[in-house]
Amino acid sequence: MPSLKGQVATPEGIVGIEEREFQLELFPECRKPSPRGMFVTFEGGEGTGKSTQIKLLSDYLHSIQINNIQTKEPGGTEIGQELRSLLVTGDKDKFDAVAEALLYYADRRIHLTNKIWPALNEGTWVLSDRFADSTVAYQYYGYDKKVSKELLDDLYQIAVGDFKPDLTILLDLEPKIGLERSFKKAINMDVKETRHESRGLEFHNNLRNGYLEMAQLEPERFVVLDANKNIEQLHIEIVQTIKERFKL
Ligand SMILES: Nc1ncnc2c1ncn2[C@@H]1O[C@H](COP(=O)(O)OP(=O)(O)OP(=O)(O)O)[C@@H](O)[C@H]1O
Ligand SMILES: [Mg+2]
């Protein structure tokens, strides 16, 4: 038996790593055992309807016997909940943009290793309310490029490797409408998760345009839907998208 340096989480589960192969083996290519669950992410600005639609999609998939879990970023795990409260409440300028990106990536790595990869490998679909595109949209486009795209790409490689969503649904909406919806919702929240909502309209316009640019750069992964339609109509379009994409 070769001596092991330790263990590391990969898309295929926890594996022991031989010392000399440590760097090379950190992210071996995902084997995608069949049938691996699908990883579907929902993206978009504040109040675009992500949480509403993810729940409806989850119910639909259960109704056709597709096992699935709903999750979210930040805070998809118990540990991540603590990072979430740091990230989405309080003063909008309480840390600098690089520190913030690192915290989002710590949350993401925990989310992948403790929840997303194990579920996918069991054949369970994972529906995530936000994933790495949110970090590019908020920390790069929204923050007027205070964090470089290269740094965010490097963090992605370190924490996520070659793994990516099978489908990303971008809910596109005029920011003014989304923010109105979000603030209305926040009235009934005990803890106000409105750290990002409190940024100006320019930030939210940059965010929206950034998302649209990202979708254009990766048309094979993104589907952009008009989120100004009513909840039921949007759900029908999402189900159609899923059926087409995954040949259901
Ligand atoms: N298509 C829609 N038309 C009108 N209102 C909607 C629509 N979709 C969702 N809403 C309402 O808008 C509010 C925000 O929706 P939701 O929480 O699903 O958005 P979100 O994208 O998850 O927001 P956040 O970014 O704040 O988490 C909710 O009160 C919801 O009921
Ligand atoms: Mg939400």
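Where is the place of proline 74? In this predicted model, proline 74 sits in the loop between β4 (68–72) and α3 (78–88). A cis peptide bond joins glutamate 73 to proline 74. The omega angle there is about -10°.

The protein chain holds nine helices and seven strands. Of its 248 residues, 34% are buried. Contacts between residues at least 6 apart in sequence were examined for their separation along the chain. Of these, 76% join residues at least 24 apart.

Helix α5 (132–142) is largely enclosed by the rest of the structure, because 11 of its 11 residues are buried. The buried set begins with Ala132, Asp133, Ser134, Thr135, Val136 and Ala137. Tyr138, Gln139, Tyr140, Tyr141 and Gly142 complete it. These residues pack against two strands, β3 and β6. They also pack against the helices α4, α6 (149–159) and α8. Just after α5, aspartate 144 adopts a positive phi of about 55°.

The packing of α5 with α4 was examined further. Helix α4 spans residues 97–121. The axes of α4 and α5 lie 11 Å apart, and the packing angle is about 170°. The two helices are therefore roughly antiparallel to each other. On the α4 side, the contact is made by Ala97, Glu100, Ala101, Tyr104 and Arg108. On the α5 side, Ala132, Thr135 and Gln139 take part. By class, the residues of this contact comprise four nonpolar, two polar and two charged.

Helix α8 is another packing partner of the buried residues of α5. It covers residues 201–217, 17 in number. From first C-alpha to last, α8 reaches 24 Å, close to the 24 Å expected at 1.5 Å a residue. Which residues of α8 are buried? They are Phe203, His204, Asn206, Leu207, Arg208 and Tyr211. Charged Arg208 is thus listed alongside Phe203 and Leu207. The buried residues of α8 pack against the strands β3 (39–43) and β6 (167–172). Their helical partners are α5 and α7 (175–186). Strands β3 and β6 also pack against the buried residues of α5.

The surroundings of ligand 1 were considered next. How many residues surround ligand 1? The shell contains 14. The closest are Gly49, Lys50, Ser51, Thr52 and Arg181. Three elements, α2 (50–63), α7 and α9 (231–246), each give two or more residues to this shell. By class, the shell has two nonpolar, eight polar and four charged residues. Helix α7 thus contributes to the shell around ligand 1 and also packs against buried residues of α8.

Two further positions have a positive phi without being glycine. Glutamine 65 has a phi of about 65°. Its place is in the loop between α2 and β4. Is glutamine 65 buried or exposed? With 6 C-beta neighbours inside 10 Å, glutamine 65 counts as exposed, since the cut-off for exposure is 12 or fewer. Lysine 247 has a phi of about 50°. This residue lies in the segment after α9. Lysine 247 is likewise exposed, with 5 other C-beta atoms within 10 Å.

How values were computed: Residues are numbered from 1 along each chain as its sequence is written. Chains are lettered from A and ligands numbered from 1 in the order in which they are written. This is a predicted model: local features need pLDDT of at least 70, side-chain atom pairs count only at pLDDT 80 or more; totals for chains, interfaces and linings use all residues. Helices (H or I, at least four residues) and strands (E, at least two) are DSSP runs, numbered from the N terminus. The expected span of a helix is 1.5 Å times one less than its number of residues. A residue is buried if 20 or more other C-beta atoms lie within 10 Å of its own, exposed if 12 or fewer, and partly exposed in between; C-beta atoms are placed from the backbone. Two residues are in contact if their C-beta atoms, placed from the backbone, lie within 7 Å. A residue is near a molecule or strand if its C-beta atom, placed from the backbone, lies within 6 Å of it. Axes are lines fitted to C-alpha atoms, for helices over the stretch in contact, and angles run from 0 to 180 degrees between N-to-C directions. Angles under 35 degrees count as roughly parallel, over 145 as roughly antiparallel, 65 to 115 as roughly perpendicular and the rest as oblique.
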